[in-house]
Every structure is written in structure tokens, then in C-alpha cells.
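Work through the exercises below with the sequence and the model at hand.

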Amino acid sequence: MSDSSQQSLSPMQAAWRRFCRHRINLIAFWFLIALVAVCLIGPSLSPYAQDAQDLELKATNISPQHLLGTDTLGRDMLTRVLKGGQVSLAVGLLATFVAACIGVTYGLISGLAGGRIDAAMMRLVDILYAFPFINFVILLMVVFGRHFWLIFVAIGAVEWLTMARVVRGQVLALKNLEFVTAAKASGAGFWHIVLKHLLPNVIGPVIIYASLTVPGVMLLEATLSFLGLGIQPPNASWGVLLGDGSQVMQTYPWLLVYPGLFFSSTLLALNILGDGLRDAFDPKSAAQE
Amino acid sequence: MIRFLLSRFFQGLVVILAVITITFALSRLLPGGPIQSEKNSSPEAIAAQRAYLGLDKPWYAQLGLQIAHYAMLDLPESFHFKGRGVDEIIASGFPVSGAVGLTALAIALGLGVPLGAFAALRPNTLEDRASMLAATLGICTPSMILGPVIAMLLGLKLRWFNASGWFDPSDVLMPALTLGIIYSAQIARLTRGSLRETLSQEFVRTARAKGASETSVVFLHALKLACLPVLNFLGPAAAGLLTGSIVVESVFQLPGLGQFFIASAINRDMNLAIGISVFYATLIVGFNLLVDILQAWLNPRIRLHA
């Protein structure tokens, strides 16, 4: 408090400074940046196509030609792991974005409407909570067949629930605060209040919760692909590679181990990042300083 | 307390009815009907068949009929597995999945709560950091990686168990260990957080002040209250165990309910998919009710008020 330079920091900057204070957060952050870059650039630098087979070579371990070896059809594993990484990360980010959009809209409406509408909307959320994700996916697949886009629908449809609760809680807390009343008194319209006053205050918790949702979503995608209900071969995702690898792990264990290492370290980094962001933005940890 | 439990019971009932309604609505989205495949039937035969299946009635009567059938546990025949009722399939698959799930839950609690308490009693020491790192690693190792690794180590290398299949009672252990380790990691993190918070509360200070021993403070006073978040987590965990058990059933090739559920998606077997969905939803609602009862019993705020 005595330090005047501390007071001039915006809450955002202060939170960022708290985030950077832990070295492990920064390691996770740069690891993810590097991973995304390698997954995006790597496959185009690779001399192999992800589905180019070399049936005479079959499964080999690490060699100078194939840095992560080849799978049972002689396909270059490094290319497949990086291509699969593109798909897994894209699904994780896109489905989280879909979920965040639905959740924020639903939570805003529910919180603003209040009363009976709010109660009914939250009961619906409670009901959907009791409906396991896998049920939803399988029913959708029975009705529509196995399609790639169903992954987004199913994951987006399940993961928005907590987001909606978070946003609704924020809106309920915010909408009766003085600055909103002041804006109303000075003649601000409904949309002006929502867009200029409520949304900016809701966005922080939404980003934090979204960063914690991404690893969960990637896990769901991998589970579906592992079970043969998600991304279909010859396209790869980390879930597909894990499924292929687990079938031949007795003879070629590295086909499971290498994609597994990529997947687990990514989940670990995402979890550390999410926890770090949550702690940095938590008012409790701000008060401790 | 009775009122609290009754309201929870009716909420659960509403959830099950909602699930039946949602699945009913989805089944009407399916192109064609159950009798469209029989092309050469006469119009009278089709009409008779429709009347027999209740398809000539308006949709709300069909929905009512469906709910009545589920209430009397009278489930239809599977489209794909001809001649086998959905109830029959559930009865054959569920004992396997249930045994794996319950054993996994026991392992998760047996490992997670002691590990979390161990870490919470030594805050910010090396042991604390190490056990929390182990817990984080556990969260980041999904069952489709841990399962094959366990099968390889315990099944193929050490030959303690059959690597796959469902022959001996001991075959439940490797799948249950896979799921149990993963959930124990989350339970350990929850236990640590909530025990540390509880230990800083005033009633714990009072207990210390009146001279209670450290063991009695931790185990009699604090741990009981610290278990509430863990108990709350068991509801979502039950849903997660269902999904997870589908993965381990596929890894260890167990003839469980999950395998039939996946088959229903691949064969587009609507009756089977709906039957298992409703069964899973009922199971989760029942489990949540059990958690509510335990919670009411452990938490004086609920026990005395509501």
C-alpha cells in the first residue's frame, strides 16, 4: 500500500504480475506456445504425409529418418503426432469457445431476467447436469450417425453448464451494484449496460473458467476418438493415436508411449496454466499481499 | 431433514422423467419408423403393427406409454441383438461394470483421502509438494493411457493378473485400479484443500484450546467436516466413473454395459441406446440421493435446519 507504483497497476496487470511470480506458470505458458507452434509448422516441414504408408517398413522405433519411429502401416509417427496435435488442440479450443458462447448468453439472460425465468432456467441446467456426457453423445450418434461435427455439438452442449452458472452468479452480484444503477439513472439503454458494464466484468471469470475447460474438452475428444466414436482414421488426433497404440502395445509399446507423452504433458501444462490464472485473479490471493 | 430428502427425491424423479422425454424426442427425429423396413406388408398389416406398437396414438399418449413401460421395467427388444430384451442386456452387462465401478470408488477413496490429509497436515513442505505433484500427474494421465500401461506392467510383465477378459474374480482389479488411481488424484486435491481450510476455523481452535489431542482434533473434529466437499464430488465422480468404465472395459475387453452402449451407437440401435441412457441416468440420480443422505447425516447445518 505504501508503494505508489503498486497502486497505479490495473487489476489486470496486478493479476498478470502475480501469475508471473510462479516460475512453473511461465514454464507451462511457454511450453504451450512452443507446442502450438511446432504442431502448426511441423507437419509442413516433414518430408512425410501423415497418411503416407510404407508397408515394407512397418513399425520401427526411433531412427534418423523417422524421429519418433513409424506405426504398423509404416506411417511417420512424428508427423502423425503433430497432425493429431493440431486436431486435438483445435477441438479443445473450438469446443470450449462454443461452450463459452452458449454459457455466457444463457447465464446473462438468466441472471438479468431473475425471478421465475431465472429459477426455471437454472432447473434446466440442474437436469442436464444429471445427464452423463456419454449418453448425450451416443444418442446423438444413433440419431445422426457418426459425424465429425457431432463432437463439437456434444461437447459444447455439455460444457456450457458450469459456464452458465458462473456467469449468472456474476451478473446477479453485479446488476444491483451502484455503478449499474448510476448508468441506468443517467439514461443508459439496456444493451449499453449489458455490453459496456456487465460483459467486461464477467469476462475475467469466463476466461479463467475456459482455460480450465480446455483440458477437460481435450480429454473428452480423446475418449471419443479412442472408443472409435470421434475422429475417424486415417485422420489422426491424439485420441486416435492412443487407441491405435493401445492395441499393439504388447509388441510396439512406443506407439502408445510417444503420443501419450505429448498428450499428458499438454494436459499438465493446461491444468497448471488454468490453476495459475485462477489463483492470480482470485481476490483472496490479492488480499494476502 | 426428511423434507430436504423428500425434495431431493422428487427432483431426482423429475430428472429421470426429463431424460425419458428427451430420449423420446430424439427417437422421433430418427428417419423412418420401426416398421418401415418390412416393405411388402399390406396396409392392414402395417396398421395392425402400428396399433400393436402404439404408434397410431398421438405423441403425448406414446410418451405416457413409454414412461409407464419404464416404470414397470418392461423394456423393448434391441434392434441389433435380435431376440434379446434391453432389460436382459442391462442385467448381463451391469454386474461387470458395477463391480469395476464400486471397486474403483473404494480404491479412489482409500488412496485419495489419506494422501490429501497427509499433505494438508504438512503444508508447504517437500512431502506436501510431492504428493500434490503426484496428484496433478494422476489428473493428467487419462484412463486410455494408464489402462494399457497397467495392463502391460501387471498383466504381461509381472503376470499377476490376466491381461484382459473376465474370467476370475481378480479380473476386476486392474480396471478398477486404473479408474481408482485417476479419481484418487482429484480426491486427494479436494481433501487437502478442504482440510487445510477446516483446520484454520474457530471450532478447531476451540477444540485445541480445551486440550484435545492433535489426533482427536484432526480425526474427530476436522476430517468429518473436511469430507463434505469430497462427498459432493462423488456425485459428478459417479458420472465420470460411468464414462471411464466404458474406456477401461474397452481396454481390458470386459463384457460390461459400456461395450453394449458403444455397440448401440455404432449399430444405431435406438432401443438399446435409450434403455442404457435411462438406466445410467437413474443410477446417477440414485447415487446423488445417497450422497445427499450421507451429507445430511454428516453436516449439522442440514441436519438441524431444513
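The exercises below concern one pair of helices and the chain that holds them.

This is a predicted model, in which local features need pLDDT of at least 70, side-chain atom pairs count only at pLDDT 80 or more, and totals for chains, interfaces and linings use all residues. Residues are numbered from 1 along each chain as its sequence is written, and chains are lettered from A.

**Exercise 1.** State the secondary structure content of chain A.

Solution. Chain A has 12 helices and 0 strands, where helices (H or I, at least four residues) and strands (E, at least two) are DSSP runs numbered from the N terminus.

**Exercise 2.** Compare the span of α4(A) with the expected value.

Solution. Take 1.5 Å times one less than the number of residues. For the 37 residues of α4(A) this should give 54 Å. The end C-alpha atoms of α4(A) are 53 Å apart, which agrees. Just after α4(A), G114(A) has a positive phi of about 65°.

**Exercise 3.** Describe how α4(A) and α11(A) are arranged.

Solution. First, the axes (lines fitted to C-alpha atoms over the stretch in contact, with angles from 0 to 180 degrees between N-to-C directions) of α4 (residues 77–113) and α11 (residues 254–281) of chain A come within 11 Å and cross at roughly 30°. The two helices are therefore roughly parallel, a term for angles under 35 degrees.

Next, list the contacts (C-beta atoms, placed from the backbone, within 7 Å). M77(A), V81(A), G84(A) and G85(A) of α4(A) meet Y258(A), P259(A) and F262(A) of α11(A).

Technical notes:
Parallel < 35°, antiparallel > 145°, perpendicular 65-115°, else oblique. Contact = placed C-beta atoms within 7 Å.
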